[in-house]
Amino acid sequence: MMRALLLSAAALIAAPVAAQDVAITNARLVIGDGSAPIEGGTVVVRGGKVVAAGAGVAVPAGIERVDAGGHWVTPGIVAAFSRVGLVEVDAVQGSNDRSARRSRFSAGIDIAPALNPMGSPVAVNRAAGVTRAIVAPGDSSGLFAGQGAVVDLGDDNDMVTRPRALQFIEFGEGGSSNAGGSRAATFLMFREQLLAARSYARNPATLAEWGSDALIQRADADALVRVINGTTPLFVRVDRAADILNVLKLKGEFPALKLVLVGATEGWLVARDIAAAKVPVLVSPLSDLPASFERLGATQSNAGRLEAAGVDVSVGVFDDDDAHKMGYTTQYAGNLVALTKLPGASGLNWDQAFAAITSAPARAVGMDGTIGSLRAGRVGDVVIWDNDPLELGSRPTAVWIDGKRQSLVTRQDRLRDRYATPQEGALPKAYDR
Amino acid sequence: MIRGVKGSLLAAVSLAFAGCAASGTSAQSAGDKPAASAEKPVKFNKDPYPSTYHAYAGRPTAVRGVTIFDGEGGRIDNGVALFADGKVVSIGGPDTAIPAGYDVVDGTGKYLTPGVIDIHSHLGVYPSPSVDAHSDGNEATSPTTPEVWAEHSVWPQDPGFSRALANGGVTSLQILPGSANLIGGRSVVLKNVPARTVQGMKFPGAPYGMKMACGENPKRVYGSKGRMPSTRMGNFAVDRATWAKAAAYKKKLDEGKPVDRDLAMETLAGVLSGEILVQNHCYRADEMAQVIDMSHEFGYKVSAFHHAVEAYKIADVLAKEGICAAIWADWWGFKMEAYDSVPENIALVYKAGACTIVHSDDENQIQRLNQEAAKGLAAGRRMGMQISDEQAWTWLSYNPAKALGIADKTGSLKPGKMADVVLWNGNPFSVYTRPEKVWIDGALMFDATDPKRRPVSDFELGQPGEGDVK
């Protein structure tokens with residue numbers, strides 16, 4: 001009895017590791033780093049990590065083998081900018097932890113405790129081949145929204161890959177409304193809060209001395225110190241070309257800032273400046289309407305033009321539904337490939353487009369050594385697809401996260417099966433499961 | 001998708017309005033009821049803002065060597081399509097003779113389809129840029145406003161029209177009022193041809209539609225103002241009281257009795273007499289079933305349920321009633337009534353024999369309705385359904401035309417119909433495909449190879465990126 005208990009306890013601890021070895025062979029293999037697909041490729045995952053991927057890779061003895069049958073095998077998609085895990089139903093307030101507009105805190109907010117790995121959006125996005133996501137908070141009462149995380153979409157209780165992986169702030173129209181009504185106020189508020197954090201870092205007592213005049217709380221100051229010294233990347237929502245240039249200049253006063261631009265709708269107008277500053281950009285690539293006066297230059301060619309200018313571009317799905325429809329990531333990337341055939345347009349070739357939804361966002365958040373490709377040492381996030389993953393309607397047939405085979409069944413599948421024939425049978429639908 | 005908050009990552013709260021543009025406007029009560037003043041039974045002009053649309057000049061055109069989806073489920077490989085004088089002349093196989101004087105377009109490796117028709121758009125009434133001054137889609141000052149007409153809000157300079165044309169191959173579209181109200185007002189059907197005036201875009205001879213909405217939006221908008229309706233039962237009570245009044249008004253009209261002119265009642269009487277088509281925003285299956293009963297109670301017909309996220313649960317009922325379901329491929333989770341969405345919805349509804357339509361309700365997704373249909377198609381095929389590409393195209397042109405009452409004029413490539421035609425540079429159900437040429441009434445209105453055939457609205461003139469590929 002005692003022995004059995006001990007064994008099962010040990011099994012519980014060991015299980016996640018033990019299950020994490022697999023070799024997928026006979027693949028049309030995409031590494032995710034921008035290289036071309038490899039026919040007849042193999043990827044080997046041990047202990048939850050990729051140990052080798054490519055042509056002519058030997059399969060270790062005793063390891064589980066999965067024959068991909070010549071199908072596409074890729075790293076899992078990395079959602080470049082999302083709220084997956086923070087929202088179940090947007091309009092149901094209690095299930096929506098995107099924003100904290102009435103909080104006393106701003107930069108100090110850490111979304112990690114709000115993430116719900118068991119929420120149905122996690123499963124739905126996973127079934128679409130998304131295995132990791134960069135998750136940012138939506139809004140706080142202050143200028144900074146707070147700290148986002150890099151997460152996995154695995155079918156388990158721990159979602160966080162890296163907590164406090166980024167700090168988020170909006171400049172432009174969104175920022176000015178948070179700062180008091182103008183862009184000028186945004187830049188002043190930004191500078192004053194960072195200077196306050198810097199003083200606090202040198203002498204924590206200053207915060208107490210400022211008392212109620214303090215611009216930030218202690219928790220906010222702690223978070224901003226990590227932004228100032230470059231520990232935490234600062235994701236900046238900005239769209240207007242002039243605003244982008246002003247954001248790039250922030251590195252003059254705070255040289256260690258690790259900036260990442262989010263949106264950058266008019267980025268193509270200042271692409272060379274962005275490239276020179278070596279600042280990565282996350283775009284929602286199909287935004288092509290002048291939705292506001294800071295997006296007059298919106299075009300689907302933004303991503304292609306930025307890439308051509310040497311900017312490190314990631315493709316995400318935002319300004320749309322950023323919690324439920326991460327499956328659009330592949331569709332959006334595919335659209336950029338379509339642009340390469342369109343006279344006058346700029347797009348991405350297939351290999352670039354796929355890298356823009358895997359290794360590029362991983363690099364933007366400083367984790368390309370860990371996630372986002374099938375190069376050796378990265379997490380074992382692997383997807384077998386039934387067709388070209390960027391093509392419409394393609395779906396994963398198998399997904400591993402950290403080397404662990406995932407369930408791909410969603411609540412939506414259950415509803416579909418229940419109503420495959422809509423009429424009731426011998427018993428009501430409620431009995432049909 | 002999200003009116004009033006698009007463009008902001010701060011979204012969240014206003015997401016409540018997602019799906020059919022129920023963005024609240026500041027409630028400025030200008031009196032609940034429309035002006036009523038008239039003495040005698042008079043024949044009211046039913047078309048006081050008539051279409052001034054005219055087809056632009058086209059050349060007799062033959063597209064040959066092309067794969068044709070005819071819009072009604074037919075397909076011709078290596079086909080020839082002829083159109084002249086704004087009308088489809090014929091479509092046929094490779095042996096089809098091309099008359100002298102026709103311009104010949106080589107369609108090898110390309111696809112030819114009827115233009116996409118979006119039955120659910122708010123272009124013009126919620127245009128870009130989406131500034132407050134442009135928020136003209138919801139007369140959210142009374143839960144029933146059948147007296148308002150969407151065409152009086154449409155801004156013809158909305159750049160969204162040109163995007164829908166160039167990127168989406170959209171040749172006709174219905175502009176609807178939003179869904180804040182139970183009865184939101186009249187829709188207008190447009191040809192997607194730029195004009196100085198809305199009248200210049202109005203689809204000649206298209207019947208009016210009337211927007212209705214059930215569910216969360218009306219009860220939230222008015223409940224939050226402390227007004228009826230604040231519940232779903234309140235929604236139905238207000239609807240039924242309104243229909244009862246309309247029935248009495250129509251009875252007087254039919255009997256030739258004098259009535260005060262009442263713009264709201266004119267619209268409702270038009271519905272009851274079958275001249276105006278009901279376009280009903282409704283997500284939940286149980287609610288659609290109740291709306292159907294209400295339509296029987298008062299003797300009108302629902303032309304289409306829009307955003308019918310749960311249509312798959314009652315696909316048999318919709319088929320029996322002859323009501324179209326206008327749906328997205330995969331929108332879900334933005335509000336409670338969109339929680340039970342399934343990617344197979346489109347295919348399940350189609351397979352049950354109901355009229356299936358893919359719609360956008362969105363200034364971005366209207367640019368790729370072909371892609372949305374492709375996703376629905378793929379989901380159906382994964383379930384083992386046999387649905388061909390050409391059958392799926394009915395979701396994008398013929399069925400929406402039918403639900404708009406214009407299927408005798410457009411929506412398929414039958415001889416004599418409007419030559420509203422898209423040449424795609426590949427299979428339009430591939431993500432790698434875009435429109436190459438779009439003809440409307442036989443006139444070439446977009447050509448990807450000719451920057452001069454790319455419309456630029458007044459708003460975009462002189463702005464960064466003017467005339468860009470977008």
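**Exercise 1. Establish how many salt bridges the structure holds over all chains, and characterise the pairs in chain B.**

Solution. Over all chains there are 54 salt bridges, a salt bridge being a side-chain nitrogen of Lys or Arg within 4 Å of a carboxyl oxygen of Asp or Glu. This is a predicted model, in which local features need pLDDT of at least 70 and side-chain atom pairs count only at pLDDT 80 or more, whereas totals for chains, interfaces and linings use all residues. Residues are numbered from 1 along each chain as its sequence is written, chains are lettered from A and ligands numbered from 1 in the order in which they are written, and side-chain values use heavy atoms, with hydrogens and water left out.

Step 1. Asp254(B) forms a salt bridge with Lys250(B), with 3.0 Å between the closest N and O atoms. The two residues are four apart in helix α3 (residues 232-254) of chain B, and are therefore separated by about one helical turn; helices (H or I, at least four residues) and strands (E, at least two) are DSSP runs, numbered from the N terminus. Asp254(B) is exposed at a relative accessible area of 54%, while Lys250(B) is buried at 18%. Here buried means under 20% relative accessible area, exposed over 50%, and partly exposed in between (1.4 Å probe, protein chains only).

Step 2. Asp330(B) and Lys375(B) meet through their side chains in a salt bridge of 3.0 Å, N to O. Asp330(B) lies in the loop between β13 (324-327) and α7 (345-351) of chain B and Lys375(B) in helix α8 (residues 369-382) of chain B, so the pair ties together parts that are 45 residues apart in sequence. Both Asp330(B) and Lys375(B) are buried.

Step 3. In chain A, a network of salt bridges links Arg83(A), Asp90(A), Arg98(A) and Asp322(A).

**Exercise 2. Identify which residues touch the most other members of the largest nonpolar core, and place this core relative to the domains of chain A.**

Solution. Step 1. A nonpolar core is a set of buried Ala, Val, Leu, Ile, Met, Phe, Trp, Tyr and Cys residues joined through side-chain atoms within 4.5 Å. The largest one has 183 residues, of which Phe190(A), Leu261(A), Trp243(B), Tyr300(B) and Phe305(B) touch the most other members.

Step 2. Domain 1 (14-76 + 372-433) and domain 2 (77-368) of chain A both give residues to this core, so it lies between them; the domain bounds come from an automatic or database domain assignment. A second, separate core of 20 residues includes Ala136(A), Ala165(A), Val262(A) and Val365(A).

Step 3. Taken over C-alpha atoms, the centres of domain 1 and domain 2 of chain A are 28 Å apart. Their contact (heavy atoms within 4.5 Å) takes 34 residues from domain 1 of chain A and 30 residues from domain 2 of chain A.

**Exercise 3. Describe how α3(B) packs against α4(B), and α3(A) against α4(A).**

Solution. Step 1. The axes of α3(B) and helix α4 (residues 263-272) of chain B come within 9 Å and cross at roughly 80°. Axes are lines fitted to C-alpha atoms, for helices over the stretch in contact, and angles run from 0 to 180 degrees between N-to-C directions. The two helices are therefore roughly perpendicular to each other, a label given to angles of 65 to 115 degrees. Residues making the contact include Trp243(B) and Lys250(B) of α3(B) and Leu268(B) of α4(B).

Step 2. α3(A) and α4(A) pack at about 70°, with axes 8 Å apart, which makes α3(A) roughly perpendicular to α4(A). Among the residues in this contact are Gly172(A) and Ala179(A) of α3(A), together with Met189(A) of α4(A).

Step 3. Both α3 (172-179) and α4 (183-202) of chain A also pack against the buried residues of α7(A), which include Ile244(A), Val247(A) and Leu248(A).

**Exercise 4. Locate backbone features in the loops, beginning with the peptide bond that joins Ser128(B) and Pro129(B).**

Solution. Step 1. Most residues other than glycine have a negative phi, and most peptide bonds are trans. A cis peptide bond joins Ser128(B) and Pro129(B), with omega about -5°, and Pro129(B) is in the loop between β6 (116-121) and α1 (160-166) of chain B. The bond from Met228(B) to Pro229(B) is cis, with omega near 5°, and Pro229(B) sits in the loop between α2 and α3 of chain B.

Step 2. Lys278(A), in the loop between α8 and β14 (281-283) of chain A, has a positive phi near 55° and is exposed, with a relative accessible area of 71%. Asp441(B), in the loop between β16 (435-440) and β17 (443-447) of chain B, has a positive phi near 50°, but is buried at 7% relative accessible area.

Key: Parallel < 35°, antiparallel > 145°, perpendicular 65-115°, else oblique.
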